[in-house]
Every structure is written in structure tokens, then in C-alpha cells.
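Me: I would like to go through the terms used for this model and ask what stands behind each of them.

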Amino acid sequence: MKAVQIVELTGPSTALRVVDVPEPEPSHFMSPGAGVVIDVRAAGVSFPELLQTRGQYQMKPDLPFVPGSEVGGVVRSAPEGSGFAPGDRVAGFCVLGGWAEVAVAPVAMTFALPDALDFAQGAALVLNYHTAYFSLVTRGRLAAGETVLVHGAAGGVGTATLQVAKGLGARTIAVVSSDEKERVAREAGADEVVRSDGAWKDEALALTEGRGVDVVIDPVGGDRFTDSLRSLARTGRAVVVGFTAGSIPEVKVNRLLLRNTEVVGAGWGEYLFSGGMAYAAEAGDVLARLMDEGHVRPPVGARFGLEEAGRALELLEGRGALGKVVLEL
């Protein structure tokens, strides 16, 4: 089968090769001896793959390896009792191996793909939307009627967070950097939009009549984090999801005392791999309901072929992604 491998750790423009490799066995390292074999129609492109091309991600497989954590496709085979059968349309989280014509996902991380969504949207479902739910609900303790401020709101995680938050009854404020990104954020459900290069903290306070927001979801990091803390209401929660800006902010913890606020980490992958596999079904059930209600509709931006995987990662690195970037097969 055709697949993309990372063959050296030199960055997205030179680290990748399209190769012929054997098809995978119906087994996954998270469920040895069992796995859902998927004929891949689309594969998601995410920040972890960009880091993997430089050896900067926490998971460091031996070279060469096939990256790609999430896919949309059709079941070729599935374990007995899994609830899946050949021909089923699914979204799968395979951790590695997704950038290929055939991939394997554990049963617990395979989800039915509704007919209302195409395969590219399926490749956008698991990582971003489960991260959004985990960040908002499990770590951010979001309640209906609260206000959420979302950084990087036009990206994959950002748009997923806006849609999930709206589906759960929250008010949403999106932070974006351009008119085009504002359009994407509004289509994803942003009630209000502020600009990252403007006085967004003051605008967020004004939009909440000086009270502040209840939850900040931040996959960006960098210099804006202090203002994120300043934008919080009393007992507000700033949820750290990632650092796509490149720099990791530091917090003067005395700020947390002033209004009884919190900084909370949201490492969905760590939670999952440390015994939280049953949690995936809980999140999957909520997201399935939000899909049925029309709240969850992953926006897909750029679409590339397998041989263009390097270009897809460069788009992500240049922060030019609008919605989810995918590889289509």
C-alpha cells in the first residue's frame, strides 16, 4: 500500500517520503491482537505530526515510521463484538499509521461516521473534538450559560471548541487574527469575535460588562497568556491545551489569588493513555448527540494528496490553516 513515512528529523519540507509498505495486521498497540482495519479515505493533519518531523513530540517512534493519528474511512474488518462491520463509515483515532491507504484503530477509538459528514470531516472528528470536550467539560468544568473565550479560534481545535461550547449552551468569544479567520470562527458558532492584534482582553471584559469570561481555552500559548488570566471572571478557569505559538508562557501565581482563578492543563492524550480509555466512549456519546443536533460539523479547509503532506504541514506551521487540514486518498 502507499503511505507517507517520516524518514529523517529535518522538518516538514524534507522529512517525508511516499513509499510502498506492507498493509498492517488487524492489531493495534493499544489493543494487541485486535483492531478495526480501515480503508482510509481521508487523514487528518495536526500539530503533533509537524513536531514529529523534527523529533520534538513526546512520542518518538524509531525511524522510519508512518505518522497520522486520525482517519475517516470504511471498515475493512473489525473484531467480533466490536459493533462494527465491513462497509461501515467510521472516524478512527489510530495514534500512528493514519497517513496510508489502510490503517488500524483500536475499537474504543473508532466511532460511527454519520451520513451527514464526509470522510474529510471524519478525519477531523476525534483529535480536535475529543480535545475540545475534554478541555471544556472535564478540565474546564463548563456549565450552560457560561462564557468561553477561545484562542486560535479559526483552527482545528478552535473551531471544534466553538461548536462544542455552543452545543453545550455556552456563550462564545473567538480570538482571531484576520477577516477570513473571523468568517470561519463565526461559521463555527462564535457569538463575538475579537482580534488577537488588538485590545482583545479589554474587549472581552466589555462584552461581559466587566465581569470577565468563565473559561479560556488556549491552544496557542505565547505572550497572550497573562492577558488571558486578566480576562477571567472570579473563579474562572484558563485551560492550557497547547503552544502553537512556539513559546511556553510562565504564570505569576499571585495572579490566581486575586480573583480565585485557576490554570488547568488539558492533556487529552495523557489522560487517555493513562487509563482513561472508557472516557472515550463517554465523550463519543456526547459528540454523537451534538452531531445529531447539528452543532458538530467539522469545517475542512485545505485538502492535499498524500504526496503533498509536507505542504500540508508547512501550511499548519505558517498558521495559515482554516479549520481542519486533511490528506485525501
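The turns below take up burial, strand pairing, crossovers and backbone angles in this predicted model.

Me: Why is V95 called buried?
Reply: The relative accessible area of V95 is 7%, and buried means under 20%, so V95 falls within that class. The residue lies in the loop between β5 (89-93) and β6 (102-105), and its phi is near 70°, a positive value in a residue other than glycine.

Me: Why is R141 called partly exposed?
Reply: R141 has a relative accessible area of 42%, and since buried means under 20% and exposed over 50%, a value in between is called partly exposed. R141, in the loop between α3 (126-139) and β8, has a positive phi of about 50° although it is not a glycine.

Me: What makes strand β9 largely enclosed by the rest of the structure?
Reply: Strand β9 covers residues 171-176, and five of these six residues are buried, so the strand is largely enclosed.

Me: How do you know that β8 and β9 pair?
Reply: Pairing requires at least two bridges, and strand β8 (residues 147-150) shares four bridges with β9, in the parallel sense; within this pair, V148 stands opposite T172. The chain crosses from β8 to β9 through helix α4 (residues 156-167), and this β-α-β crossover is right-handed.

Me: What makes β9 and β10 a pair?
Reply: Four bridges join β9 to strand β10 (residues 192-195), and the cut-off is at least two, so the two strands pair, running parallel. V176 in β9 stands opposite R195 in β10, and β9, helix α5 (residues 179-187) and β10 make a right-handed β-α-β unit.

Note on methods
Residues are numbered from 1 along each chain as its sequence is written. This is a predicted model: local features need pLDDT of at least 70, side-chain atom pairs count only at pLDDT 80 or more; totals for chains, interfaces and linings use all residues. Side-chain values use heavy atoms; hydrogens and water are left out. Buried means under 20% relative accessible area, exposed over 50%, partly exposed in between (1.4 Å probe, protein chains only). A crossover is right-handed if, with the strands pointing away from the viewer, the path from the first strand over the helix to the second runs clockwise.
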